[in-house]
Amino acid sequence: MIEEATIVVPRVKCNGCVKNVHKALQTLPGVEVTQTDLPNKTFHLRYASEQVSLATIKDTLAIAKYPVANEPILSAVDQERV
């Protein structure tokens, strides 16, 4: 099943950081970054939940020194409900 999520990565400060986050995420199967917003430090992702979990995505970014913010991460479906 394809899931969507928007994550906030506070340590992203420049295009080099964005590139590093993309590079880390490319190591995971079934993960695609569909939108990046540098000023807001957000990345909108689509991922195949049968191949990778959101927890694994967050762990991978933490290992790459770009931890995800602790604020709630809303899926596209959740965002429509708000």
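Me: Where in the chain is Val68 found, and is Val68 buried or exposed?

Reply: In this predicted model, Val68 is found in the loop that lies between H2 and helix H3, the latter spanning 76–81. To decide on burial, one compares the relative accessible area with a cut-off, and buried means under 20%. Val68 has a relative accessible area of 11%, and therefore this loop residue counts as buried.

Me: What separates the C-alpha atoms of Val68 and Lys58?

Reply: Here one sets the separation in space beside the separation along the chain: Val68 and Lys58 are ten residues apart along the chain, and their C-alpha atoms are separated by 6.1 Å.

Me: How should I read the packing of two helices, and what are the values for H1 and H2?

Reply: Two packed helices are described by the angle between their axes together with the distance between those axes. For helix H1, residues 15–26, and helix H2, residues 54–63, the axes come within 9 Å and cross at roughly 130 degrees. Angles over 145 degrees would count as roughly antiparallel and those from 65 to 115 as roughly perpendicular, and H1 and H2 are therefore oblique to each other. The crossing of H1 and H2 is, in addition, right-handed.

Me: Which residues of H1 and H2 meet, and of what class are they?

Reply: From H1 come Val21, Ala24 and Leu25, and these meet Ile57, Thr60 and Leu61 of H2. Sorted by class, this contact of H1 with H2 has five nonpolar residues, one polar residue and no charged ones.

Me: What can be said about Thr60, in terms of burial and contacts?

Reply: Thr60, whose place is in helix H2, has a relative accessibility of 17%, which is why Thr60 counts as buried. If its neighbours within four places in sequence are left aside, Thr60 is in contact with Ala24, Thr27 and Leu28.

Me: How many helices and strands are there in the chain, and how do the elements run?

Reply: The chain has three helices and three strands, and from the N terminus on its elements run β-α-β-β-α-α.

Me: Which totals describe the chain as a whole, for burial, surface and contacts?

Reply: Of the 82 residues in the chain, buried residues make up 33%. The chain exposes about 5200 Å², of which carbon and sulfur atoms supply 51%. For contacts, one takes those between residues at least 6 apart in sequence, and among these 63% join residues at least 24 apart.

Notes
Residues are numbered from 1 along each chain as its sequence is written. This is a predicted model: local features need pLDDT of at least 70, side-chain atom pairs count only at pLDDT 80 or more; totals for chains, interfaces and linings use all residues. Side-chain values use heavy atoms; hydrogens and water are left out. Axes are lines fitted to C-alpha atoms, for helices over the stretch in contact, and angles run from 0 to 180 degrees between N-to-C directions. Helices (H or I, at least four residues) and strands (E, at least two) are DSSP runs, numbered from the N terminus. Angles under 35 degrees count as roughly parallel, over 145 as roughly antiparallel, 65 to 115 as roughly perpendicular and the rest as oblique. A crossing is left-handed if the near helix is turned anticlockwise from the far one by less than a right angle, and right-handed if clockwise. Contact means heavy atoms within 4.5 Å. Ala, Val, Leu, Ile, Met, Phe, Trp, Tyr, Cys and Pro count as nonpolar, Asp, Glu, Lys and Arg as charged, and the others, Gly among them, as polar. Buried means under 20% relative accessible area, exposed over 50%, partly exposed in between (1.4 Å probe, protein chains only). Accessible areas come from the Shrake-Rupley method with a 1.4 Å probe; for residues, only the protein chains shown count as cover.
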